[in-house]
Amino acid sequence: MRALKWAALSLIGLGSGVFVAGAVVSFIAIIGVVPRLAQKTGTQKYIKLYEEAIILGGIIGGTDTYFDWYLPLGKTVVIFLSFCIGVFYGSLAVSLAEVLNILPILTRRVRLTQGMRWFICAVAAGKLVGSLLYYFVPGFYYM
């Protein structure tokens, strides 16, 4: 009976994960974030690589939630990979914002006519400071 319960829960979890992953991938595909990201960076020939990176990141992130595994990469490799991940997510977020026309709507609502460059830099700097505090100040996220 216990094995049947675990099998049912596993099927429900797997089905839910597939459903949510499909919805996220569909959302990204429908709004055209990946092609816009490739167009803005001038890397249209790597669109397939972008898509595979998003899928692989989702799979690794999902399995990392359930399995406790460790890769001894060293601090230098981890710092480099973290930087690459941050650049990728930042680019993806900016592409998403551009596809959804967030910036024109924001400038109209806030009546920001000059200094958009400084506004974007301030948002990026705030995000950087927040993430550094999160990772380097012990207990910061419990405050």
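Trainee: Leaving aside neighbours within four places in sequence, which residues is I54 in contact with?
Mentor: Keep in mind that this is a predicted model. I54 belongs to the largest nonpolar core. Once its neighbours within four places in sequence are set aside, the contacts of I54 are I28, V34, F88 and L92.

Trainee: Which residues make up that largest nonpolar core, then?
Mentor: The core has 8 residues in all. Both α2 (33-41) and α3 are elements that give two or more residues to it. The full membership is I28, V33, V34, L37, A38, Y50, I54 and L92.

Trainee: And which element gives the largest share of this core?
Mentor: Two elements, α2 and α3, each supply two or more residues here. The largest share is 4 residues. That share comes from α2.

Trainee: Where does I47 sit, and how far is it from V34, C-alpha to C-alpha?
Mentor: I47 lies in helix α3. Leaving out neighbours within four places in sequence, I47 is in contact with V34, P35 and A38. I47 and V34 are 13 residues apart in sequence, and their C-alpha to C-alpha distance is 6.8 Å.

Trainee: Is I47 buried or exposed, or something in between?
Mentor: Buried means under 20% relative accessible area and exposed means over 50%. I47 comes out at 24%, so the label is partly exposed.

Trainee: What about T43, is that one buried or exposed?
Mentor: T43 is placed in the loop between α2 and α3. Not counting residues up to four places away in sequence, T43 touches A38 and Y50. Its relative accessible area is 18%, so T43 is buried.

Trainee: Which residues does L73 contact, leaving aside neighbours within four places in sequence?
Mentor: L73 is found in the loop between α3 and α4. With a relative accessible area of 39%, L73 is partly exposed. Beyond its neighbours within four places in sequence, the contacts of L73 are V78 and L81.

Trainee: How far apart are the C-alpha atoms of A122 and V78?
Mentor: A122 is in helix α6 (residues 116-136), and it is partly exposed at 48% relative accessible area. Along the chain, A122 and V78 are 44 residues apart. In space, their C-alpha atoms are separated by 26 Å.

Trainee: On to empty space: which element gives the most residues to the lining of the largest pocket?
Mentor: The largest pocket holds about 1,600 Å³ of space. Its lining has 44 residues, and the closest to the centre are L56, G57, G58, I60 and G61. Elements that give two or more residues to the lining are α1 (2-31), α3 (47-66) and α4 (75-99). The biggest contributor, with 15 residues, is α3.

Trainee: How many residues of that lining are charged?
Mentor: Split the lining of the largest pocket by type. There are 33 nonpolar and 10 polar residues, and the charged count is 1.

Trainee: What is the geometry of the aromatic pair found in the whole structure?
Mentor: The search of the whole structure finds 1 aromatic pair. The rings of Y134 and Y135 have centres 4.9 Å apart, and planes over 60 degrees apart count as edge-to-face. The planes of Y134 and Y135 are at 90 degrees, so the pair is edge-to-face.

Trainee: Which label does Y135 get, buried or exposed?
Mentor: Its partner Y134 counts as partly exposed at 40% relative accessibility. The cut-off for exposed is over 50%. Y135 has a relative accessible area of 62%, so Y135 is exposed.

Key
Residues numbered from 1 in each chain as written. Predicted model: local features only at pLDDT ≥ 70, side-chain atom pairs only at ≥ 80, totals over all residues. Heavy atoms only, no water. Phe/Tyr/Trp six-rings, centres within 6.5 Å; stacked < 30°, edge-to-face > 60°. Buried < 20%, exposed > 50% of the residue type's maximum accessible area, 1.4 Å probe, protein only. 1 Å grid on protein atoms, 1.4 Å probe; cavity = no way out; pocket = protein on both sides within 12 Å on 5 of 7 lines; lining within 4 Å. Points joined across faces, edges and corners; volume = space filled by probe spheres on them. Nonpolar A, V, L, I, M, F, W, Y, C, P; charged D, E, K, R; others polar. Core = buried A, V, L, I, M, F, W, Y, C linked by side-chain atoms within 4.5 Å. Contact = heavy atoms within 4.5 Å.
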